[in-house]
Amino acid sequence: MSRPRYPFLFFVLSLLLFPSSSLQNSSPRSTTSQPKIILDNDWNPTAFIAFLLPLYYNYTVLGLASDTANSWALQTGLHALASLEIASLSSCIPVYKGSDYPLLQTAHTFQTYELLHGELPWKGVFAKENTTNEKLGNDPTSGDPRRVVKEAFTTKGYYGYPNVSFAEGSAAEFMVKAVRENPGQVSIFSAGALTNVALAVRLDEDFAKNTAGLYIMGGYVDRFMEQAIGDVLRADLVSDINFIVDPEATKIALTADFPNITLVANSANGVIPNQAFLNELVAVNDNPLSRLVRANQPTYLPFWDETAAAVMVDREAVVLDEVEVYVDVDTSYHSPFYGYIRPYQAALMPPGLRKVKYINAVNNTKVAEMIKTVVQFPPKGCADLHG
């Protein structure tokens with residue numbers, strides 16, 4: 001698949017001429033309303049694109065929350081802090097550490113599940129502890145959730161261990177407080193496990209209904225044959241580790257009374273960068289964030305979280321096909337589909353489910369263009385936001 005180009009000269013001319021493109025019109029420097037958002041993720045060295053997109057589209061980012069999914073919440077939260085620091089945004093966007101553990105799942109139960117039903121291609125935080133990999137710069141898995149692998153901040157690309165600290169309080173408490181203070185105004189974006197969201201739902205019975213909605217990267221369906229006949233990488237692309245890490249939290253979130261829930265799952269597999277794409281980021285504008293993406297973004301994995309964020313900030317331009325369905329989550333530990341969702345039509349669903357919006361297809365060219373723009377031209381600091 002060819003990748004779209006975004007020449008620097010064209011971009012500069014577009015800024016001068018104020019065209020009607022959705023990117024320019026949605027810039028924080030050209031719109032008036034400022035929707036609010038909290039982004040919850042298992043942050044890594046390039047995941048900052050997920051918060052650059054709402055910033056570019058004039059969202060007020062109230063804070064970032066870290067969760068346990070690909071690694072432990074402490075480690076992923078430190079990545080969020082480091083990303084904000086290198087982007088000069090630490091003073092205006094706080095980071096709240098999420099729950100160390102899922103509601104029920106542990107490394108032991110996860111690995112026992114694999115003995116019963118077969119291995120998953122990507123195990124996330126519950127892969128067996130591997131100190132050799134960690135010394136090479138990989139985030140910690142299994143073992144102690146409170147340990148930090150500093151090599152993940154110092155051995156790859158233009159990064160560094162953060163000098164700033166987490167905000168006080170847990171991620172779930174922060175979500176509840178922010179929504180209480182801004183009823184009906186705060187969207188929740190989840191691109192990792194849904195543990196913090198579920199805890200917020202349980203902390204405050206009014207939390208979900210008082211948000212502006214929930215956007216989720218996850219919820220793969222109808223991909224079991226691909227897991228069986230494709231190579232391991234292809235199987236990884238169609239697995240659903242965000243939900244499998246904490247199936248019980250997923251069910252709580254997907255049955256809560258959010259005004260709307262959007263699942264961006266299978267459709268998020270379409271934008272996979274090649275090396276030319278990554279090189280162009282730096283060639284157009286050599287900045288700390290574009291260097292980070294070029295150094296750390298694999299050329300064999302999609303921009304999953306970034307696609308979900310693109311759907312959220314510019315749905316009309318990005319989404320090509322979506323349906324409304326009812327979904328359930330398998331929370332039976334002894335089921336081979338533990339953590340997977342099943343969609344239903346209203347006439348056939350069991351009781352207690354709610355309708356969600358499921359994204360079937362997105363405009364990959366548009367998403368790639370949006371990613372390029374926000375990485376090449378990020379805000380220069382807090383003073384550059386909404387000004």
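The following dialogue treats backbone and side-chain features of three loop residues in a predicted model.

Trainee: What should be known before reading the values?

Mentor: This is a predicted model in which local features need pLDDT of at least 70 and side-chain atom pairs count only at pLDDT 80 or more, while totals for chains, interfaces and linings use all residues. Residues are numbered from 1 along each chain as its sequence is written, and side-chain values use heavy atoms, with hydrogens and water left out.

Trainee: Which sign of phi do most residues other than glycine have?

Mentor: Most of them have a negative phi. Here, Asn58 has a positive phi near 75 degrees, and Ser88 has a positive phi of about 60 degrees.

Trainee: Where is Asn58 found, and is Asn58 buried or exposed?

Mentor: Helices (H or I, at least four residues) and strands (E, at least two) are DSSP runs, numbered from the N terminus. Asn58 is in the loop between α3 (49–56) and β2 (60–66). Buried means under 20% relative accessible area, exposed over 50%, and partly exposed in between (1.4 Å probe, protein chains only); Asn58, at 0%, is therefore buried.

Trainee: What is the relative accessible area of Ser88?

Mentor: The value is 43%, so Ser88 is partly exposed. Ser88 lies in the loop between α4 (73–86) and β3 (95–96).

Trainee: Which residues does Thr141 touch?

Mentor: Contact means heavy atoms within 4.5 Å. Not counting residues up to four places away in sequence, Thr141 touches several residues, including Trp72, Ala127 and Arg147. Thr141 lies in the loop between α6 (131–135) and α7 (151–154) and counts as buried because its relative accessibility is 12%.
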